[in-house]
Amino acid sequence: MTLRALLPTTAARVADGDPAGFDWIDGTPSEATSGGAGIAVRAAAAGRYRPGWGVFVLSDVEAGTALGSIGFHGPPDAEGFVEIGYDLSPSARGAGWATDAARLLAGWAAAHPEVRTVCALTEPENVPSQRVLVRAGFRFVGERDGMRAYEIDGSAATAPADATATATAGVNADADAGVNAGIRPPS
């Protein structure tokens with residue numbers, strides 16, 4: 001899998017439902033993927049965009065298809081807290097992609113000394129997403145604003161054993177960058 005960071009201009013296209021040059025497994029980005037890209041666009045418009053702390057398109061390198069998205073709701077705050085969200089197209093669900101992407105992104109964040117905690121929130125009825133987070137190493141910490149909160153300490157977050165994080169130094173404002181986690185998730 002590859003996680004490809006989107007610049008705000010490309011994220012704006014995805015937020016509008018445009019394929020933005022990606023071959024989406026279900027034809028177009030899902031509504032939730034478009035919504036996640038919109039978060040990155042709003043952060044850029046507010047002057048809070050930091051390269052690497054936005055949205056990534058999750059792709060199957062072997063098939064060349066975009067499967068969904070994962071990303072940060074913004075850069076880490078002053079306490080070192082950062083929140084992630086993710087979505088897979090319906091045809092990509094159930095194959096381990098989201099688990100590996102969450103593990104990889106949390107590991108990438110943990111490589112930054114300013115990150116102490118990576119968080120993800122789920123709807124209470126979204127049991128598949130909760131299972132993804134637990135498999136990725138997150139732990140349930142309680143309810144927040146009617147959502148189930150899962151966290152992983154920055155020091156405990158690691159990328160999958162077969163992953164190579166290539167974006168740590170490569171995420172910049174000049175070009176989209178990727179985080180490579182190998183060819184297939186372990187399922």
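Begin by selecting Ile39, Ala40, Ala43, Tyr49, Arg50, Trp53, Gly54, Phe72, His73 and Gly74, which together line the second largest cavity of this model, a predicted one. The space inside the second largest cavity comes to about 40 Å³, and the count of cavities of 30 Å³ or more is 2. If you colour the selection by residue type, you will find that the lining of the second largest cavity divides into 6 nonpolar, 3 polar and 1 charged. Helix α2 supplies the largest share of this lining, with 3 residues.

Next, turn to the largest pocket, in which about 800 Å³ of space lies. There are 35 lining residues here, and to centre the view you can select Tyr86, Asp87, Leu88, Asn126 and Ser129, which are the closest to the centre of the largest pocket. To see which elements give two or more residues to the lining of this pocket, show α2 (31–45), β3 (65–72), β4 (81–88), α3 (97–110), β5 (117–122) and α4 (127–135). Strand β4 deserves its own colour in this view, as the largest share of the pocket lining, 6 residues, comes from β4. By residue type, the lining of the largest pocket is made up of 17 nonpolar, 12 polar and 6 charged residues.

From the pocket, go to helix α4 and select Gln130, which is found there. Is Gln130 buried or exposed? Its relative accessible area is 9%, and because buried means under 20%, Gln130 counts as buried. Display polar atoms around the side chain of Gln130, and you will see that this side chain reaches the backbone oxygen of Glu123 at 3.0 Å, while the backbone oxygen of Pro124 lies 3.0 Å from a polar atom of the side chain of Gln130. Once neighbours within four places in sequence are left aside, Gln130 is in contact with Thr122, Glu123, Pro124, Glu125, Arg148 and Tyr150.

A second polar side chain to visit is that of Asp60, in strand β2. Asp60 is buried, with a relative accessible area of 8%, and a polar atom of the side chain of Asp60 lies 3.0 Å from the backbone nitrogen of Glu62.

Now move to the nonpolar interior. In soluble globular proteins, nonpolar side chains tend to be buried together. Here the largest nonpolar core has 32 residues, and the ones to select are Leu3, Leu58, Phe72, Ile84, Val118 and Phe138, which have the most contacts inside this core. The elements giving two or more residues to this core are β1 (2–5), β2 (55–60), β3, β4, α3, β5, α4 and β7 (147–153). Which element gives the most to this core? Helix α3 does, with 9 residues. Apart from this core lies another, of 11 residues, and Leu6, Ala11, Trp24 and Ala37 are among them.

Return to the largest core by selecting Val118, which, leaving aside its neighbours within four places in sequence, is in contact with Val82, Ile84, Ala106, Ala109, Phe138, Tyr150, Glu151 and Ile152. One of these partners, Ala106, makes a suitable last stop. Ala106 lies in helix α3 and counts as buried, at 1% relative accessibility. Finally, draw a distance between the C-alpha atoms of Ala106 and Ile152: these two residues are 46 residues apart along the chain, and their C-alpha atoms are separated by 7.9 Å.

Technical notes:
Residues are numbered from 1 along each chain as its sequence is written. This is a predicted model: local features need pLDDT of at least 70, side-chain atom pairs count only at pLDDT 80 or more; totals for chains, interfaces and linings use all residues. Side-chain values use heavy atoms; hydrogens and water are left out. On a 1 Å grid over the protein atoms alone, a cavity is a set of points where a 1.4 Å probe fits but cannot get out, and a pocket is an open set with protein on both sides within 12 Å along at least five of seven lines; lining residues have an atom within 4 Å of a point. Grid points are joined across faces, edges and corners, and a volume is the space filled by probe spheres set on the points. Helices (H or I, at least four residues) and strands (E, at least two) are DSSP runs, numbered from the N terminus. Ala, Val, Leu, Ile, Met, Phe, Trp, Tyr, Cys and Pro count as nonpolar, Asp, Glu, Lys and Arg as charged, and the others, Gly among them, as polar. A nonpolar core is a set of buried Ala, Val, Leu, Ile, Met, Phe, Trp, Tyr and Cys residues joined through side-chain atoms within 4.5 Å. Buried means under 20% relative accessible area, exposed over 50%, partly exposed in between (1.4 Å probe, protein chains only). Contact means heavy atoms within 4.5 Å. A polar contact is a pair of N or O atoms within 3.5 Å; within protein, one must be able to donate a hydrogen and the other to accept it, and residues adjacent in sequence count only if both atoms are side-chain atoms.
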